[in-house]
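Colleague: Could we go through this structure together, one topic at a time? Please explain the terms as they come up.

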Amino acid sequence: MKEAATFHLEIDRFIKAPREKIFDAFTQESLLKAWYCPRGMTVAEATIDARVGGAYRVVMASRDGSRFAVDGVYQAIERPDFIAYTWRMESGPAAGVTTLIEIRLTPRDGGTSLHMRHTGFPSAQVRDSHRNGWQSVFNRLSDFADPEGSAGTITLFGNPRSTYCWSARMGLFEKGVKYRLEPNAPHTPEQLAVHPFGRVPALRDGETEIYETRAILGYIDEAFEGPPLISTAGMMARARSEQWISVINCYAYDAMVRRYVLQHIFPKGADGGPDRAIIATALPEIDKQLGLFDKAYGANDYLTGLSMTMADLFLAPLVSYLGQFPESRELLTKYPRVAHGHGVMKARPSFAATQPKMG
Ligand SMILES: N[C@@H](CCC(=O)N[C@@H](CS)C(=O)NCC(=O)O)C(=O)O
């Protein structure tokens, strides 16, 4: 145990809420139950005796049913600025090791600076395995205490006219997640600061950044309650959904958006109009892709069956844009099941709420 004291973790977070509210969120059982676990988990049980020398035990549960319990003893309770308690995990690589958590709350800019010092880890690996967990727990605390809810931690970066941003925004809406939008254009310094390739969108949740729309939607889906964005109809439907997302990422976006829609929106032809040669290469590919999607629908409302999945979120913005230009509008008339599926998506409140304004 000698070595244990050499590894520690310090985390600073600003939370837009008064420190009394944050202090109480740590020390009142009914409040702590609402947030004291990483995203994607819930507090299944919590018993707290928030007095110096009093004990606590918290059981966190994942959606897959796995449970993770911690317990400890309060060392200091000084409302509203300081709390210290021991932390012992009942399972996992650091099971049985007792560490110490100190939380200091300082008022700042109408909110609270939270400084957490977690000391006594037996190894750098165990310390590092706690870092993401704590950041996620503090995101939950912010959602709980900040009057703006998750918009206090979640920001989506990207121009809302982008089809990929639109898919991400629909996903956020479907899950009921509040967020802030920074309408960055691709490749601007602001976007390059959150996305190494300068593309849109990127997502920030507290101190965590993530890019690539499939990864963003996967994160949102696992991190938040609300209807699932992956199929619950089994392995094959999930595989198909991934297949269609990959088809869009690797082939359909290039033909439909890059070589067709963007030719209309930002014409690059010699006469100032769309480059007809580029459009001519795109249209047969779009035709083939729409044919594949049409077949995939079968008699269903959604691409992979009876429920909406991320694949539908990826496809809806593309079909919406295709409906706005003459040759693709004409092509769409050949594919009634794509038109039907698109009608179903258009009727969802998430579509109207996120539909970009076209200039
Ligand atoms: N694979 C990326 C693609 C994102 C992407 O290409 N977004 C477009 C806007 S819809 C973009 O940033 N385009 C700028 C460019 O291609 O340089 C994702 O899934 O997020």
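Modeller: A polar contact is a pair of N or O atoms within 3.5 Å; within protein, one must be able to donate a hydrogen and the other to accept it, and residues adjacent in sequence count only if both atoms are side-chain atoms. The model is predicted, so local features need pLDDT of at least 70 and side-chain atom pairs count only at pLDDT 80 or more, while totals for chains, interfaces and linings use all residues. Residues are numbered from 1 along each chain as its sequence is written, and side-chain values use heavy atoms, with hydrogens and water left out.

Colleague: Which backbone nitrogen does the side chain of Thr86 reach?

Modeller: The side chain of Thr86 reaches the backbone nitrogen of Val73, at 2.8 Å. Thr86 belongs to strand 5, residues 82–89. Helices (H or I, at least four residues) and strands (E, at least two) are DSSP runs, numbered from the N terminus.

Colleague: Is Thr86 buried or exposed?

Modeller: Thr86 counts as buried because its relative accessibility is 16%. Buried means under 20% relative accessible area, exposed over 50%, and partly exposed in between, with a 1.4 Å probe and protein chains only.

Colleague: Now the ligand. Which residues come nearest to the ligand?

Modeller: Of the 13 residues around the ligand, His187, Arg199, Val200, Glu212 and Thr213 come nearest. A residue is near a molecule if one of its heavy atoms lies within 4 Å of it.

Colleague: How far is an oxygen atom of the ligand from the polar side-chain atoms of Arg199, Thr213 and Arg258?

Modeller: For Arg199, an N or O atom of the side chain is 2.8 Å from a ligand oxygen. A polar side-chain atom of Thr213 also lies 2.8 Å from an oxygen atom of the ligand. For Arg258, the separation between a side-chain N or O atom and a ligand oxygen is 3.1 Å.

Colleague: Which elements give two or more residues to the shell around the ligand?

Modeller: They are helix 4 (163–175) and helix 7 (235–265). Helix 7 gives the most, with three residues.

Colleague: How many residues of each class does that shell have?

Modeller: The shell has five nonpolar, five polar and three charged residues. Ala, Val, Leu, Ile, Met, Phe, Trp, Tyr, Cys and Pro count as nonpolar, Asp, Glu, Lys and Arg as charged, and the others, Gly among them, as polar.

Colleague: Back to helix 7. How exposed is Gln243?

Modeller: Gln243 is found in helix 7. Gln243 is partly exposed, because its relative accessible area is 29%. The C-alpha atoms of Gln243 and Ile286 are separated by 17 Å, and these residues are 43 apart along the chain.

Colleague: A change of topic: where are the cis peptide bonds before Pro80 and Pro201?

Modeller: The bond from Arg79 to Pro80 is cis, with omega near 5 degrees, and Pro80 lies in the loop between strand 4 (67–78) and strand 5. The bond from Val200 to Pro201 is also cis, with omega near 5 degrees. Pro201 is in the loop between helix 5 (189–192) and strand 10 (202–205).

Colleague: And what is phi for Asp109 and His187?

Modeller: Phi of Asp109 is near 45 degrees, a positive value in a residue other than glycine. Asp109 sits in the loop between strand 6 (98–108) and strand 7 (111–121), and counts as exposed because its relative accessibility is 65%. For His187, phi is near 65 degrees, a positive value in a residue other than glycine. His187 lies in the loop between strand 9 (180–182) and helix 5, and is partly exposed, with a relative accessible area of 49%.
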